Amino acid sequence: MMNVMRLFGGRAASAPVARERLQILLSHERGRSGAPDLLEMLRSEILSVVSKHIDVDPDKVVVRMDRGKFVSMLEVDIEVPNGVQRSKMVAAT
Amino acid sequence: MAKVLVVTSGKGGVGKTTSTAALGAALAQMGQNVVVIDFDVGLRNLDLVMGAERRVVFDLINVVQGVAKLPQALIRDKRLENLWLLPASQTRDKDALTEEGVKRVIADLKTKFDWILCDSPAGIERGATLAMRYADEAIIVTNPEVSSVRDSDRIIGMLDSKTVRAERGERVEKHLLVTRYDAGRAARGEMLSIDDILEILATPLLGIVPESQDVLRASNVGCPVTLNAASSAPARAYTDAVRRLMGEQVEMTVPVERKGLMDRLLRRRAA
């Protein structure tokens, strides 16, 4: 597809890629400035609460902040595998 | 009421100095009393872009350190009598500028001028933080390019936290000035569009300055583009931006080059 487009003289538009990369990067960086490591703090506390009850892969817990003009969106994304194990911590209590 | 306006960006080479000169001259043309201050200690260039490089005797550091009085360091523009320049020093001492000293100089300038434009150095170090420290308003100069947008975001964060106004719980009014914009390339998806940039930075737009040969030509001869080529596309963009700064409602457009056939033929011969 890319090659076909190139044949007809046009190159795949790169601006959408730039825009998406920036949005992802800045949502991380914004957490750092202002409140120190707010996002990382939220991430680790959310992770510890969730893993009390279910086993989750720490790498699959994503916390991000999208800053808007009037409101910001705090987005928490936790991937839970199917047939999830209840956490041993809960099982023990 | 005098207004202190910082022209900043984080990233270097996006057009802070060019924009400071062009905006300062446009404000002066509208009858305002304007002083432009170069905060780039060690790498001063505003004097060069404004064509005053051979008239610098004293500078901002001299005034801050009490070696010279403010009126001795101020250079009046040759073309506009109500436009003044306070140059930076070429000394390499980064610590020569003190917060207290800058505060005093700005307070003094506020009694004499309507607008005080602070041309910030690139980066996020002392020079940049001092340039924005006492600002009432800020112009963030951004190119439609990923690294510039990222650095602008960083600077916006600093404007909201490291300025005197921010520390008092007040707001520094922020304006985005997009420079080197190519509407054609943005339309073809080769360049971040204005909408992309505005969505990412969530800051009100002050103006769109198109990529143009007139900007380099103006700095080559040491004359703000708003004076050197007043009817050119970038000059009109800067003039519109200034009218918006002064509270006028001006429709937002990307000024385009007016090219007639004769103009094209002449330009080709000149090039």
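**Reading cavities, helix packing and single residues in a predicted model**

Q: How many nonpolar, polar and charged residues are in the lining of the second largest cavity?
A: A lining can be read by sorting its residues into classes, and for the second largest cavity this gives seven nonpolar, two polar and no charged residues. The model is a predicted one, and every value discussed here is computed from it.

Q: Which residues line the second largest cavity, and which elements give two or more residues to that lining?
A: The way to proceed is to list the residues and then to place them on elements. The residues that line the second largest cavity are B:T18, B:A22, B:V49, B:V215, B:A218, B:S219, B:C223, B:P224 and B:V225. Two or more residues of this lining come from each of α1 (16–29) and α11 (213–221) of chain B, and it is α11(B), with three residues, that gives the most. The volume of this second largest cavity is about 40 Å³.

Q: How many cavities of 30 Å³ or more does a search of the whole structure find, and what lines the largest cavity?
A: Count and volume come before composition here: the search of the whole structure finds two cavities of 30 Å³ or more, and the largest cavity holds about 40 Å³ of space. Its lining consists of B:M50, B:G51, B:A52, B:R55, B:I75, B:R76, B:D77, B:K78, B:R79 and B:L85. Sorted by class, the lining of the largest cavity has four nonpolar residues, one polar residue and five charged ones, whereas the lining of the second largest cavity has no charged residues.

Q: How should the packing of two helices be read, for instance at what angle do α1(B) and α13(B) pack?
A: Angle, axis distance and handedness are taken together, and the contacting residues follow. Helix α1(B) packs with helix α13 (residues 233–245) of chain B at an angle of about 65°, the two axes being 9 Å apart, and the crossing of this pair is right-handed. On the side of α1(B) the contact involves B:T18, B:S19, B:A22, B:L23, B:A26 and B:L27, which meet B:Y238, B:T239, B:A241 and B:V242 of α13(B). In terms of class, this contact has seven nonpolar, three polar and no charged residues. B:T18 and B:A22, which take part in this contact, are also among the residues that line the second largest cavity.

Q: What are the angle and the axis distance for helix α7 and helix α10 of chain B?
A: The reading follows the steps just used: helix α7 (residues 146–159) and helix α10 (residues 194–201) of chain B pack at about 35°, with 10 Å between their axes, and the crossing of α7(B) and α10(B) is right-handed. B:V149, B:S152, B:D153 and B:I156 of α7(B) make the contact together with B:I197, B:I200 and B:L201 of α10(B). The residues of this contact divide into five nonpolar, one polar and one charged.

Q: Where are residues with a positive phi that are not glycine, such as B:R180 and B:A202?
A: Backbone angle, location and accessibility are best considered side by side. B:R180, with a positive phi near 60°, is in strand β7 (residues 173–181) of chain B, and counts as partly exposed because its relative accessibility of 42% falls between the 20% and 50% cut-offs. B:A202, with a positive phi of about 45°, lies in the loop between α10 and β8 (205–210) of chain B, and its relative accessible area of 26% makes B:A202 partly exposed as well.

Q: Is B:V63 buried or exposed, and what does B:V63 touch?
A: Accessibility is compared with the cut-off, after which contacts are listed: B:V63 is buried because its relative accessible area of 10% is under 20%. B:V63 belongs to helix α3 (residues 60–64) of chain B and, leaving aside residues up to four places away in sequence, touches B:A68, B:K69, B:L70, B:A73 and B:V105.

Q: Which elements make up chain A, from the N terminus on?
A: An overview precedes any single residue: chain A has four helices and two strands, running α-α-α-β-β-α from the N terminus, and 16% of its 93 residues are buried. Within strand β2 (residues 72–78) of chain A lies A:I78, which is partly exposed at 27% relative accessibility. Apart from residues up to four places away in sequence, A:I78 touches A:I46, A:V50, A:V56, A:K60 and A:V61.

Definitions and conventions: Residues are numbered from 1 along each chain as its sequence is written. Chains are lettered from A and ligands numbered from 1 in the order in which they are written. This is a predicted model: local features need pLDDT of at least 70, side-chain atom pairs count only at pLDDT 80 or more; totals for chains, interfaces and linings use all residues. Side-chain values use heavy atoms; hydrogens and water are left out. On a 1 Å grid over the protein atoms alone, a cavity is a set of points where a 1.4 Å probe fits but cannot get out, and a pocket is an open set with protein on both sides within 12 Å along at least five of seven lines; lining residues have an atom within 4 Å of a point. Grid points are joined across faces, edges and corners, and a volume is the space filled by probe spheres set on the points. Ala, Val, Leu, Ile, Met, Phe, Trp, Tyr, Cys and Pro count as nonpolar, Asp, Glu, Lys and Arg as charged, and the others, Gly among them, as polar. Axes are lines fitted to C-alpha atoms, for helices over the stretch in contact, and angles run from 0 to 180 degrees between N-to-C directions. A crossing is left-handed if the near helix is turned anticlockwise from the far one by less than a right angle, and right-handed if clockwise. Contact means heavy atoms within 4.5 Å. Buried means under 20% relative accessible area, exposed over 50%, partly exposed in between (1.4 Å probe, protein chains only).
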